[in-house]
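Trainee: I should like to learn how to read a sheet, a helix pair and a pocket. May we work through an example together?

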Amino acid sequence: MKDVLYLDEVDRAEALMKPQRVEVLRQLAEPHSCTEVAKALGQTPQWVYYHVKRLVDAGLATRVSERRVRGINEGVYQATARSYWLSPRLVGRLGPRRSRDALSLGYLLDLMEDVQDDVATIAGLAGSPAAPELPSIGVSGEIRVRPERRQEFLADLQSTLQDLFTRYGGAEGDEFRLAVALYPRLVKENPR
């Protein structure tokens, strides 16, 4: 079972976009027959089989074994991944790329789409023998910047990154992509 299955084809994504199928898929995190899933969901085995067949056809679940129950061969199915990730490009770009201004939210959205595609490609390779170990680093933190110091902060950030690019740029070694995202944190109220 893969950790992540990246869905970038409309037909495969459509198979997942039914709440009933998501519930069936959750049951298939561990191998189960349609009868077992039907019992857990309070549905008929035929109803479950209909959805399992669509999931199998889309490559979102697979038949892992078969067993004989009361003279009938019963399939045992399992989800093909622990999580499913939908590409933002499933809808397709509805216009030109957003502003290339590094200070715009549009630029950040484009950057996140690129990062998501890269990470999904890496996740797809992670289970293959060709890529036994794919090193990556994730860093996250909170920074507070007063409005009057935003330009100073941006200059410091650019200078620090340029220093890293200069020190570690070159033709030798493993190539990594560095993406830095800085966006305002919205405070969510606690519902009581």
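**Reading a sheet, a helix pair and a pocket**

Trainee: Where should we begin, and which element gives the most to the lining of the second largest pocket?

Mentor: Please keep in mind that this model is predicted. Strand 4 gives the most to that lining, with five residues. Let us therefore follow strand 4 (72-79), beginning with the sheet.

Trainee: In what order do the strands of the sheet lie?

Mentor: Reading a sheet involves its order, its pairing and its edges. Here three strands form an open sheet in the order 2-4-3, with antiparallel pairing. Strand 2 (32-33) and strand 3 are the edge strands, each of which pairs on one side only.

Trainee: How many bridges join strand 3 to strand 4?

Mentor: Strand 3, residues 61-69, is joined to strand 4 by eight bridges, and the two run antiparallel. One may follow the register through individual residues: alanine 61 stands opposite alanine 79 in strand 4, and threonine 62 has glutamine 78 as its bridge partner. The two strands form a hairpin with two residues between them. In the turn, arginine 70 has a positive phi of about 50 degrees.

Trainee: At what angle do helix 3 and helix 4 pack?

Mentor: A helix pair is read from its angle, its axis distance and its handedness. Helix 3 and helix 4 pack at about 115 degrees, and their axes are 8 Å apart. Helix 3 is therefore roughly perpendicular to helix 4, since angles of 65 to 115 degrees count as such. Their crossing is right-handed.

Trainee: Which elements give two or more residues to the lining of the second largest pocket?

Mentor: For a pocket, one considers its volume and its lining. The second largest pocket has a volume of about 280 Å³. Helix 3 (34-41), helix 4 (45-57) and strand 4 each give two or more residues to its lining. The lining residues include Cys34, Pro45, Tyr49, Arg70 and Ile72.

Trainee: How many residues of each class does that lining have?

Mentor: The lining has six nonpolar, three polar and two charged residues.

Technical notes: Residues numbered from 1 in each chain as written. Predicted model: local features only at pLDDT ≥ 70, side-chain atom pairs only at ≥ 80, totals over all residues. Heavy atoms only, no water. 1 Å grid on protein atoms, 1.4 Å probe; cavity = no way out; pocket = protein on both sides within 12 Å on 5 of 7 lines; lining within 4 Å. Points joined across faces, edges and corners; volume = space filled by probe spheres on them. Helix = DSSP H or I, 4+ residues; strand = E, 2+ residues; numbered from the N terminus. Nonpolar A, V, L, I, M, F, W, Y, C, P; charged D, E, K, R; others polar. Pairing = 2+ DSSP bridges. Axes fitted to C-alpha atoms, helices over the stretch in contact; angles between N-to-C directions. Parallel < 35°, antiparallel > 145°, perpendicular 65-115°, else oblique. Left-handed = near helix turned anticlockwise from the far one by under 90°.
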